[in-house]
Amino acid sequence: MYKQELNTFNMRLHINKPIHIYNCNSLLVALMFRAIFTIANLYLVFCSHQVYAFSWTINETIQAQEIYSDNIRLAPAGKQQGAFVEAINPGIMITGQSPLSTMNLNYRMQNLYNAGGNNSLNIYNQLQSSSRSTFIPNTLFLNSTSSISQQNINNNLIGTSNINGSNNSSNVYTFGIAPIWTPRISNYANGSFQVNANTIATSSNASSFSNSTLAPISNTFNLVETMGLNSGTYFQRVRWNLAFNNNENYVATGQNISYQNSSARIAIPINSYLNVFAQGGYSDTSFQSKLSSTHKGAYYTAGGQWQPSQSFSLTVGAGSNSYVTAFISPMPRLTWTTTVSDNSVGTSFGQAATNGSNFTNNNSTSTSGIGGSGNSGRNWQTALNYKAPWSIWSLTHINTTTTSQQILAQNQLLVNPGTNLGPNQYIINNPILTNNVIVSTAWNLSVTFNPGKSTVSLNAYDQEYSYLNSNGNNQKVIGLTGNWNWPFASKTNLYIRPTWQTISNQGSANSQFYRAILGVTQNIAPSLNGILEFQHMNQSSTSSSFNELNPINGYQENRVTATLSMRF
């Protein structure tokens, strides 16, 4: 067990207790950028578009919590220590909207006394914000995002909140801007040009153990240029498109990562059911890897698409990058898309999330495998979605190439602090945070039932992570999560949230984690909510030694939390 803090200072109060404020400098930088874009958006709204009405919604919140844990430091058996933790968490939610601009900001300051049993006041900042400004309607836009959160460094030792201290967590700061230009060149072509510039910074070096074979994660600047040009309405018999993507990851320590792909595609309809196409391009990737396979070079594909109805299509392409994509929708409630690809060149670096939630394509022309977008080698992906009268089902299988920084940036989720226990800061099934390029293969099955007043949701996942620069290191994560909400009385709601997960590292060591949460919420007044929650958490390991992949002996924790949340 270890504890890392950045830019931490102590202040003595009359109660003679130390105060720790985490990552003040990084927070000031993030808030400064956020302030600059807030001012810019206000200028766009009030000065450039005064003819349009602009509306604000501001909700101030405060949350008071009393928490008792019988193992406040998540220590192994025999070393448990019980403690009370007090929390006062003020927050603010701001929403602004006009016909040409939108802004959303959700911020919470979490003030914890005696977190981790250290008799100090710990202050954590949590933020999620986004904005979109329109300079020229339907043509020129500017998007921005920013976030501050706390995340697990290594999911083999899971701390479910900041209550247990910062032994296995890191502050994560993200900020990004994206100007977008979508020109229309008469009836000849439609274009889309976008630049994404974003940063991600952490307060600790993950996996920084002396015996580690994994390079620790470092602060990263990511620059992505995406260009696309599609044929306009003038081209009736021939459809074409040009695409270019350049993705550069600049890391503070270690080797930079770059991915570039250029492609061209032309399609000619034979009749209303059949069209033929040809496509080609060049893919160039550069990242440190101990695998012998190459991802660079030119590629080509030629084939056709048969679509006899809106409910079925089959696309077949042959060449250096070949694939088969089938789309079927036998009923309006059911859609199923599957792609099998065999690519000699290319990688899907940075193009999909690892949890499968972004792979929901219903159009066969947009699935992986087209244009060299799939991983090199043989792969297959599928997405099945079914909506029944009382339930919604989703099954996905994806493979992608990504980095820890991209996974963190895609999973910055902030729960409304006025209605829940606070931000969902901890990604349970994240990989070990390293500077490695990670090849991920993931299954995800989710279902939601809503038979009446209650709602039941279940999610099962099976994910494999392969770290390309770590002597073939791999990690397999299998898990199941659930949630049941039952409003059994007026203004009173009961919820149960179980979680189970097992992790296998290189087939040699396993760890298992499960958690059960039982809680009751009560709407005391229109702006006042109360929550009483019990949580049991248990983690065990087959290894008796501690390193970057295995927790020592495991731990068990029981926790009771009483919460009052008020919205002003």
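**Exercise 1.** Work out whether Asn 111 is buried or exposed, and describe its surroundings.

*Solution.*
Step 1: start with accessibility. Asn 111 comes out at 14% relative accessibility, so it counts as buried; the classes are buried under 20% relative accessible area, exposed over 50%, and partly exposed in between, using a 1.4 Å probe and protein chains only.

A quick note on the input: this is a predicted model, where local features need pLDDT of at least 70, side-chain atom pairs count only at pLDDT 80 or more, and totals for chains, interfaces and linings use all residues. Residues are numbered from 1 along each chain as its sequence is written, and side-chain values use heavy atoms, with hydrogens and water left out.

Step 2: place the residue. Asn 111 sits in strand E4, residues 101-113 (strands, E, are DSSP runs of at least two residues, numbered from the N terminus).

Step 3: list the neighbours. Skipping those within four places in sequence, Asn 111 is in contact (heavy atoms within 4.5 Å) with Glu 86, Ala 87, Ile 88, Asn 89, Pro 90, Leu 121, Asn 122 and Ile 123. Take Ala 87: it is 24 residues from Asn 111 in sequence, yet the C-alpha atoms are 5.5 Å apart.

Step 4: check the side chain. The Asn 111 side chain reaches the backbone oxygen of Met 109 at 3.4 Å.

**Exercise 2.** Find which residues are linked in a network of salt bridges, and say where they lie.

*Solution.*
Step 1: recall the idea. Side chains of opposite charge can pair when their charged atoms come close. The cut-off here is a side-chain nitrogen of Lys or Arg within 4 Å of a carboxyl oxygen of Asp or Glu.

Step 2: search. The whole structure gives four salt bridges.

Step 3: take the pairs in turn. Asp 462 and Lys 476 meet at 2.9 Å, N to O. Asp 462 is in strand E21 (residues 455-467) and Lys 476 in strand E22 (residues 474-489), 14 residues apart. Glu 464 also bridges to Lys 476, at 3.1 Å; that pair again runs from strand E21 to strand E22, 12 residues apart.

Step 4: join them up. Asp 462, Glu 464 and Lys 476 form the network.

Step 5: add accessibility. Asp 462, at 24%, is partly exposed; Lys 476, at 27%, is partly exposed; and Glu 464, at 41%, is partly exposed too.

**Exercise 3.** Decide whether Glu 557 is buried or exposed, then do likewise for its salt-bridge partner.

*Solution.*
Step 1: identify the partner. Glu 557 pairs with Arg 559, the closest N and O atoms being 3.3 Å apart.

Step 2: classify both. Glu 557 counts as buried because its relative accessibility is 1%, and Arg 559, at 6%, counts as buried as well.

Methods: Helices (H or I, at least four residues) and strands (E, at least two) are DSSP runs, numbered from the N terminus. A polar contact is a pair of N or O atoms within 3.5 Å; within protein, one must be able to donate a hydrogen and the other to accept it, and residues adjacent in sequence count only if both atoms are side-chain atoms.
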